[in-house]
4 protein chains.
Amino acid sequence: MKKPTKLTTRSAPSAGAAAAALGAVPASNRTARAQERRAAIVDAAMEEFISRGFAATRLDDIAKRAGVAKGTIYLHFKDKESMFEELVRIVIVPVVARLTALPPPTGSVRDLIEAFAGNFLKEVIGTRRGDLVRLIVAEGPRFPAVADFYYREVVSRGIAAMRALIELGIARGEIREKDLARYPQIVVAPAMIAVIWQSLFERHAPLDAQEMLRVHLDLIFGERRTT
Amino acid sequence: MKKPTKLTTRSAPSAGAAAAALGAVPASNRTARAQERRAAIVDAAMEEFISRGFAATRLDDIAKRAGVAKGTIYLHFKDKESMFEELVRIVIVPVVARLTALPPPTGSVRDLIEAFAGNFLKEVIGTRRGDLVRLIVAEGPRFPAVADFYYREVVSRGIAAMRALIELGIARGEIREKDLARYPQIVVAPAMIAVIWQSLFERHAPLDAQEMLRVHLDLIFGERRTT
Amino acid sequence: MKKPTKLTTRSAPSAGAAAAALGAVPASNRTARAQERRAAIVDAAMEEFISRGFAATRLDDIAKRAGVAKGTIYLHFKDKESMFEELVRIVIVPVVARLTALPPPTGSVRDLIEAFAGNFLKEVIGTRRGDLVRLIVAEGPRFPAVADFYYREVVSRGIAAMRALIELGIARGEIREKDLARYPQIVVAPAMIAVIWQSLFERHAPLDAQEMLRVHLDLIFGERRTT
Amino acid sequence: MKKPTKLTTRSAPSAGAAAAALGAVPASNRTARAQERRAAIVDAAMEEFISRGFAATRLDDIAKRAGVAKGTIYLHFKDKESMFEELVRIVIVPVVARLTALPPPTGSVRDLIEAFAGNFLKEVIGTRRGDLVRLIVAEGPRFPAVADFYYREVVSRGIAAMRALIELGIARGEIREKDLARYPQIVVAPAMIAVIWQSLFERHAPLDAQEMLRVHLDLIFGERRTT
DNA sequence: TATGAATGAGGCTTCATTCAT
DNA sequence: TATGAATGAAGCCTCATTCAT
């Protein structure tokens, strides 16, 4: 992070106290407003970057969508490039946090992976977050910092976690293919493909991602016996 | 840059040869030169678009790299957009043509798919053609014409061909998972992931795509018995 | 150049005054400045378009002359074409407004027309407004919108007004030639010719427009008896 | 004239003789062809300059319309500017020549002027030549050479001739208004206005130029008694 | 802090002119 | 002579960034 968030800084005593006295927000109005604006900018920027790519996105449009003046953006971000880089962090960090704080692994490995797939299906594929993945694929080469961050925070962790699951699956005899632990990418691949497919080819040929992932899990774990 | 480029070379050997191969006649020098130039522009544009994306690529740079004047580009392409769209066609069409004219399918389905994977490995993953795939993923949403073309010429055909192979594999008993024929994407997914991985994360964690694809095929066909 | 121009002046007195006259409020300095700039651009553009014609005029030169940056022009006008079209409106509207609010028609028809000719002489012939007329003649065919506007606001009204005067003159017995009311253009023609003559042939043979118009009126009304 | 016409120069002896032997043209084929091309270029250029103005006319379009290659134009004209200047000369000279060699002035002055007006009506108003006049009005200020030439060859002569006629008319008692001789422009003005009107406002309000000119002559000569 | 008018570098594109064939 | 591909200067316009209010 290049810029510390202003959350706990500079709470204007007078104005802040007044606001507190009125019983609205605990934090100073000043700061609260600023945070709202910042969030609005982040949301708007996300939207624009996703639908136009980095280079084709205009700060004017971001400002308009966020309901702020163009100059305001520069109160929160150094410039367009670092805005983009911070953006990816800002959006991804909470997602990673949530995934890291996963429920304790109980039940079969297939159940675990299925649960994970279910989440992914609901929260990523076909959503704005899915488009973010495509955006990173698109801009990664021109933004090494973004690629680095994404690899470090998401990919490497995801791969590691998946590898652990696979090894567990192998140990428990749920997974037959022992080499799979060396390439957790294989397990994740169809989910990624689904993300990309929705962005590019949905209108050519809709893809039932859920069913595809099920078939893929059947391939890995063997067909599920009807319980 | 993975491949050395023809920065200021005037007679691009490969392109020149290709052009010469097309016309039976010695071809008036005039025309031959024009073809060379066009090829040089195509190569240069490819390179630039891949490494910077559509919007961030400057025609000036393409011209410089191709060793022609800026205006010359406009003798061959209407504008930047249609250059990009034509480019994708120009590069992809011969690839599709080559793949369409495949050798007669003999041997086991696994052998066939393995052969195909081998080709893909050699000709796409980690090459400029692979980068082109990433470029299409990146720019597709802003270039419907490109996405359409790519779906029509590459994706739909690839999926159809793969489906046929899978069905053959099922019929012959090589493939157990019957639902696989409904989602040929699953078979292709790791190859696509490999393409993207090379573009984005190679320097973070090199991926042995060949071995990964082998493991994936083992997953589908069962482990190969040592011959 | 017939009139000295406000090359790099920042506060164009006349324009500024005009702007101030419009808004009752002291008008935030911001807005006032913007209006000044706009006026400066309009003046500069007028000057350039008149002396070079539409196609040969460079926005760079307009900006330089107006003392603003190139981009500033685009805060006020969509593009070069619509700037030109708006310009004609901007300059002509107040003139028409002034003429429409004419003094009550008293005295002889000849006096009226003479008064009108006097105004025309002072305010149009040999002035920048006269050059504008020539500019419209020059660019009209390529700017139908301009020709339309000019016909609607100036020509058709002028012809109608002149026809009314002629009919009055005929009714009062001041004008003998009855068919003149069918072609008010005849009455106006020498004035127009004077405008064009000043633009093109002044240096070859100066034309005493005032005297010419007098002779023309003598032709129409008969020679004036020495009062 | 900056470039001597190639009419009598360089008649390739051999080819020329051969052509002559065949009995076709007396001049060499070479030269004849060149002249044809030159004429085609002149026609095409006229057309384009008239409909687009100098700056907006592209040599490409002239070449296309003339059926020659772009380079060929440069074999006949030094550059775009001098082409334009020569063009005006080329087109106007024969017209002037024809008018200079007028029929011997017989009959009344009114008849003479009426005859002239008739010619003007037929040959100028509403024709390409009329548009040429508008073109000169449009481009004159930027092409002093053109304005000079036009003044010298057409305007001054026309004015002089008209003045002579007016004086004759006054001497013969046909024209009452004696001062008219000082401003022959007055006599010509409606004809010029008609030219401009046709170019600009024909679609808004068609003008019966013939009738207007008749009324104008009535104004000058008094209404014609029915013969 | 917030604004948005102003800036001007930089990109795309056009087109007069050249020159090898 | 004639061609037209090639050139590159120059123009229009956009948009990230600044800064006075």
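## Close-up views of a predicted protein–DNA model

**View 1. The protein surface around DNA strand F.** Let's start with the residues that come nearest to DNA strand F: out of 32 around it, these are Arg37(B), Thr72(B), Arg58(C), Tyr74(C) and Thr72(D). Please keep in mind that this is a predicted model. Sorted by class, the surface near DNA strand F holds 14 charged, 11 nonpolar and 7 polar residues. Helix 4 of chain B gives the largest share of this surface, with 5 residues.

**View 2. Phosphate contacts along DNA strand F.** Which parts of DNA strand F lie within 4 Å of the protein? Of the atoms in that range, 74% belong to sugar or phosphate, and the rest belong to bases. Three phosphate contacts are worth a visit here. In Thr72(D), an N or O atom of the side chain is 2.4 Å from a phosphate oxygen of the strand. The side chain of Arg37(D) also places an N or O atom 3.0 Å from a phosphate oxygen of DNA strand F. Ala69(B) takes part through its backbone, where an N or O atom lies 3.0 Å from a phosphate oxygen of DNA strand F. Looking at whole elements, two or more residues of the surface near this strand come from each of these: helix 4 (70–76) of chain A, helix 2 (29–52) and helix 4 (70–76) of chain B, helix 4 (70–76) of chain C, and helix 4 (70–76) of chain D.

**View 3. The surroundings of DNA strand E.** Turning to DNA strand E, we find 33 residues around it, and the closest are Thr72(A), Arg58(B), Tyr74(B), Arg37(C) and Thr72(C). Of the strand's atoms that come within 4 Å of the protein, 71% are sugar and phosphate. The surface near DNA strand E is made up of 15 charged, 11 nonpolar and 7 polar residues. Helix 4 of chain C supplies the largest share of that surface, 5 residues.

**View 4. Bases and backbone of DNA strand E.** Two contacts in this view involve bases. A polar side-chain atom of Lys70(C) is 3.0 Å from a base oxygen of DNA strand E, while a polar backbone atom of Gly71(A) lies 3.2 Å from a base nitrogen of DNA strand E. Ala69(C) meets a phosphate instead: a backbone N or O atom of this residue is 3.0 Å from a phosphate oxygen of DNA strand E.

**View 5. Where chain C meets chain D.** Here 49 residues of chain C touch 50 residues of chain D. About 4300 Å² of area is buried between the two chains, and carbon and sulfur atoms give 71% of this. How many salt bridges cross the interface of chain C and chain D? The rule finds 6; one salt bridge joins the side chains of Glu211(C) and Arg182(D), with N and O 3.2 Å apart. There are also 13 residue pairs in polar contact across this interface. On the side of chain C that touches chain D, helix 9 of chain C gives the largest share, 10 residues. That side of chain C has 29 nonpolar, 14 charged and 6 polar residues.

**View 6. The relation between chain A and chain B.** Chain A superposes on chain B by a rotation of 179 degrees with 0.0 Å of shift along the axis, giving an RMSD of 0.3 Å. This is the relation of a two-fold axis. Which C-alpha of chain A is nearest the axis? That of Ala138(A), at 2.0 Å from it. Both copies use the same surface, as 100% of the contact residues of chain A recur in chain B.

How values were computed. Residues are numbered from 1 along each chain as its sequence is written. Chains are lettered from A and ligands numbered from 1 in the order in which they are written. This is a predicted model: local features need pLDDT of at least 70, side-chain atom pairs count only at pLDDT 80 or more; totals for chains, interfaces and linings use all residues. Side-chain values use heavy atoms; hydrogens and water are left out. Contact means heavy atoms within 4.5 Å. Buried area is the accessible area (1.4 Å probe) that two parts lose on being put together, summed over both. A salt bridge is a side-chain nitrogen of Lys or Arg within 4 Å of a carboxyl oxygen of Asp or Glu. A polar contact is a pair of N or O atoms within 3.5 Å; within protein, one must be able to donate a hydrogen and the other to accept it, and residues adjacent in sequence count only if both atoms are side-chain atoms. Helices (H or I, at least four residues) and strands (E, at least two) are DSSP runs, numbered from the N terminus. Ala, Val, Leu, Ile, Met, Phe, Trp, Tyr, Cys and Pro count as nonpolar, Asp, Glu, Lys and Arg as charged, and the others, Gly among them, as polar. A residue is near a molecule or strand if one of its heavy atoms lies within 4 Å of it. Copies are superposed by least squares on the C-alpha atoms of residues with pLDDT of at least 70 in both.
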